[in-house]
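The paragraphs below go through one protein chain, from its overall make-up to selected residues. Keep the sequence and the coordinates at hand while reading.

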Amino acid sequence: MKCLVAGGNVKVLGKAVHSLSRIGDELYLEPLEDGLSLRTVNSSRSAYACFLFSPLFFQLYQAATPGQDPPRCKILMKSFLSVFRSPVMLEKTVEKCCISINERSSRLVVQLHCKYGVRKTHNLSFQDCESLQAVFDPASCPHVLRAPAKVLGEAVLPFPPALAEVTLGIGRGRRVILRSYQDEEADSTVKAMVTEMSIGEEDFQQLQAQEGVAITFCLKEFRGLLSFAESANLSLSIHFDTPGRPAIFAISDCLLDGHFVLATLSDPPPNSQDLLSLEARRPAPQLQAHSTPHLDDFASDDIDSYMIAMETTVGSESSRTLPSTSLSPGLQPLCHSEEEEEDEAEAELSTVPGTPPAQEVPLPVLWLHPGPRTLPAAPQPRAG
């Protein structure tokens, strides 16, 4: 595999890597006939992200040596991110970037051609792996929102950096509402802060959703995709179903496609009655940390449409496989890992009162299994 990125596309590639770094700790790189695929999934299997750069994105693109299968590799996200650490410096100093795979030495070679003849070469070790991909169908989601990324970016700007989840819904007058929520503590004297942003229907390019519907998802991953879409001046589409079903965030143009699939809370926040007044709700269960959900809670979940093909590392004894006895997912944390929280802690001076504490919540786990060698030709239909 060999590809050459030139001009301003080097910065675009770097920003895509930064967006993926908000999801997972490992990067799956796979050259396909349709273009170069960069994918990742988080440790709890509740978030998946993929960028597919078409051959037109590159000045030179060769997926594989003639007569050989396209290689696949899995590398540490931090290693690849270090090459594109500063998108501003990439734009100012880097003229082109060459990415190739040396299968003999199991090295991913990234060479930056900078101004004044300076060349920086990074040799990153990788592991052979199977294809990682998600099977999802945005067309099966009944609710669709589409707006310029700048509109949504300004809407989430007032929310504190440490906020874990945000609720998106359709309020009265078909206004799109983004809000945080507070935990009600009877013995607490501290008044929590609740932030709410309202966007009119006229600001959306497409709004296909009924009043009263709402979903709650992680804000950090959403901000990562928004940041990339804003820099590329793209519109962002949000496809979602009922609470508990994964939401699909998509961007697309002639040079690239991006998809983020994020799990949503299966029950609405306790303080969203005004937003969901037109929708029947059942009371949220009282869950303690490290508790175990009843199997009945997931009896009606249709997870077949949201399965992810997980890697099986070649020659690795610790390869993970799909559980064969049960399809009932356990609790998965919607919040982030300790390492991610430490990165966010540097951006805040103190914890915002009323921010929901880190706790385990029932999520529709994106189940993983060994998948096909290439991307599906067409979206999979939703199971009846």
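A good place to start is the hairpin in which β2 is joined to β3 through 2 residues. The model is a predicted one. Strand β2 spans residues 26-32, and strand β3 covers residues 35-41. The two run antiparallel and are held together by 5 bridges. Within this pairing, L36 of β3 stands opposite P31. Strand β2 also pairs with β6, again in the antiparallel sense, over 4 bridges. There, L27 has I75 of β6 as its bridge partner. As for cover, 6 of the 7 residues of β2 are buried, and the strand is mostly covered.

P31 deserves a further look. The residue lies in β2 and has a relative accessible area of 0%, so P31 counts as buried. Which residues are in contact with P31, leaving aside its neighbours within four places in sequence? They are M1, L36, Y61, A63, P70 and P71. Two of these have already been placed or can be placed now: L36 is the residue opposite P31 in β3, and P71 is 40 residues from P31 in sequence, with a C-alpha to C-alpha separation of 6.9 Å.

The scale of the whole chain can now be given. The chain has 384 residues, of which 49% count as buried. Its secondary structure consists of 6 helices and 23 strands. The accessible surface amounts to about 18600 Å², and carbon and sulfur atoms account for 49% of that surface. Taking contacts between residues at least 6 apart in sequence, 71% join residues at least 24 apart.

The hairpin of β2 and β3 belongs to an open sheet of 9 strands, whose order is β6-β2-β3-β4-β19-β18-β17-β11-β15, with antiparallel pairing. Which strands stand at the edges of this sheet? They are β6 (73-76) and β15 (206-208); each has a single partner strand, so one side of each lacks a neighbour in the sheet. On average, and with direction ignored, neighbouring strands of the sheet are turned by 15° against each other.

At the β15 end of the order, strand β11 (residues 143-148) runs antiparallel to β15, and 3 bridges join the two. One position to find in the view is V144, which stands opposite Q208 in β15. Helix α4, made up of residues 149-156, packs on the sheet and touches β11 and β17 (235-240). The direction of α4 makes about 95° with that of β11.

Another pair of strands is β8 (residues 107-114) and β9 (residues 119-125), which run antiparallel and are joined by 7 bridges. In this pair, V110 stands opposite H122 of β9. The hairpin has 4 residues between its strands, and Y116 takes a positive phi near 65° there.

Turning to the helices, α1 covers residues 9-21, 13 residues in total. From its first C-alpha to its last, α1 reaches 19 Å, close to the 18 Å expected at 1.5 Å a residue. Which residues of α1 are buried? They are V10, L13, G14, A16, V17, S19 and L20. In an α-helix there are 3.6 residues a turn, so residues three or four places apart point the same way.

Helix α5 (residues 219-231) contains R223. Is R223 buried or exposed? R223 has a relative accessible area of 18%, and buried means under 20%, so R223 counts as buried. A polar atom of the R223 side chain lies 2.7 Å from the backbone oxygen of F159. Leaving aside neighbours within four places in sequence, R223 is in contact with R22, V156, L157, F159, P160 and P161. One of these contacts, V156, belongs to the range of helix α4, residues 149-156.

The last stop is T264, in the loop between β19 (256-262) and β20 (308-309). Its relative accessibility is 0%, so T264 counts as buried. Where do polar atoms of the T264 side chain find the backbone of G244 and R245? One lies 2.9 Å from the backbone nitrogen of G244. The backbone oxygen of R245 lies 2.8 Å from a polar atom of the T264 side chain.

Definitions and conventions: Residues numbered from 1 in each chain as written. Predicted model: local features only at pLDDT ≥ 70, side-chain atom pairs only at ≥ 80, totals over all residues. Heavy atoms only, no water. Buried < 20%, exposed > 50% of the residue type's maximum accessible area, 1.4 Å probe, protein only. Polar contact = N/O pair within 3.5 Å; in protein donor to acceptor, adjacent residues only side chain to side chain. Contact = heavy atoms within 4.5 Å. Pairing = 2+ DSSP bridges. Axes fitted to C-alpha atoms, helices over the stretch in contact; angles between N-to-C directions. Expected span 1.5 Å × (residues − 1). Areas by Shrake-Rupley, 256 points an atom, 1.4 Å probe, with all protein chains shown as cover.
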